[in-house]
Amino acid sequence: MTTALRPLPTEAADLPYAFQAAFNSGDLAAVDRLFEPGALFVTTPGRTVAGDERRAANAEFLALGLPIRLTLRHAYVNGDLALLIGDYLIEGTAPDGTPVHDRGTATDVARRGADGVWRYAIDNPPGTDR
């Protein structure tokens, strides 16, 4: 499914909301354009994936067909780097009838590219979970 997308974020604090809109559109390409090509995705504490594995991990979440709600707590910006800390919630019923309640506080690293757009360099949904 493809829907009208938010403009690419030119402020670090807008990146999580651009991600929310892309995720909720169900469009993996829209989600992927918010990541640097070599970006890491933390699937579980201590395990990261990149490239096609990162896209596959995001596709698994999209396959739930459930919206994500994000609330940014903090955006710490230093030049072209930012640390984004925010709460997320995915809940509802998966297509197979399984109840889903996935919530946490993500700690993400974003970088502003030469084009002025902020993208994830490290997406860490587990945050500080052990």
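Guide: Before we look at charges, a ground rule: Lys and Arg count as positive and Asp and Glu as negative, while His and the chain ends are not counted. And keep in mind that this is a predicted model.

Visitor: Fine. How many positive and negative side chains does the protein have, then?

Guide: There are 12 positive and 17 negative side chains, and the centres of the two sets lie 3 Å apart.

Visitor: What is the layout along the sequence?

Guide: The pattern reads α-α-β-β-α-β-β-β-β, which gives 3 helices and 6 strands.

Visitor: What makes the protein as compact as a globular protein of that length?

Guide: Set two values side by side. The radius of gyration is 14 Å, and the globule rule gives 14 Å for 130 residues, so the protein is as compact as a globular protein of that length. Along the principal axes, the C-alpha trace spans about 45 × 35 × 25 Å. As for burial, 39% of the 130 residues count as buried.

Visitor: Why is the pair of glutamate 36 and arginine 111 called a salt bridge?

Guide: The cut-off is a side-chain nitrogen of Lys or Arg within 4 Å of a carboxyl oxygen of Asp or Glu. For glutamate 36 and arginine 111, the closest N and O atoms are 2.6 Å apart, so the pair qualifies as a salt bridge. The pair links distant parts of the chain: glutamate 36 is in strand β1 (residues 35-44) and arginine 111 in strand β5 (residues 99-112), 75 residues apart.

Visitor: Is glutamate 36 buried or exposed, and how do you know?

Guide: Buried means under 20% relative accessible area. Glutamate 36 has 16%, so it counts as buried. Its partner, arginine 111, has 37% and is therefore partly exposed.

Visitor: What about arginine 47 and glutamate 53: why does that pair count as a salt bridge?

Guide: Their closest N and O atoms are 4.0 Å apart, and the limit is within 4 Å, so the pair is counted. Arginine 47 itself is partly exposed, at 43% relative accessibility.

Visitor: And what makes arginine 112 and aspartate 80 a tie between separate parts of the sequence?

Guide: Here the closest N and O atoms are 2.8 Å apart, and the two form a salt bridge. Arginine 112 lies in strand β5 and aspartate 80 in the loop between β3 (68-78) and β4 (81-93), so the salt bridge ties together parts that are 32 residues apart in sequence. Arginine 112 is partly exposed at 28%, and aspartate 80 is partly exposed at 42%. Elsewhere, salt bridges that share partners join Asp32, Asp52, Arg54 and Arg55 into one network. The whole structure holds 8 salt bridges.

Visitor: Why is helix α1 called largely enclosed?

Guide: Count its residues: 8 of the 11 in α1 (residues 15-25) are buried, so the helix is largely enclosed by the rest of the structure. Among the buried ones are Leu15, Phe19 and Phe23. After α1 comes glycine 26, with a positive phi near 80 degrees.

Visitor: How do you know whether asparagine 78 is buried or exposed?

Guide: Exposed means over 50% relative accessible area. Asparagine 78 comes in at 63%, so it counts as exposed. This asparagine 78 is found in strand β3, and its C-alpha atom is separated by 20 Å from that of tyrosine 17, 61 residues away along the chain.

Notes
Residues numbered from 1 in each chain as written. Predicted model: local features only at pLDDT ≥ 70, side-chain atom pairs only at ≥ 80, totals over all residues. Heavy atoms only, no water. Helix = DSSP H or I, 4+ residues; strand = E, 2+ residues; numbered from the N terminus. Rg over C-alpha atoms; globule rule 2.2 N^0.38 Å. Buried < 20%, exposed > 50% of the residue type's maximum accessible area, 1.4 Å probe, protein only. Charge placed at Lys NZ, Arg CZ, Asp CG, Glu CD.
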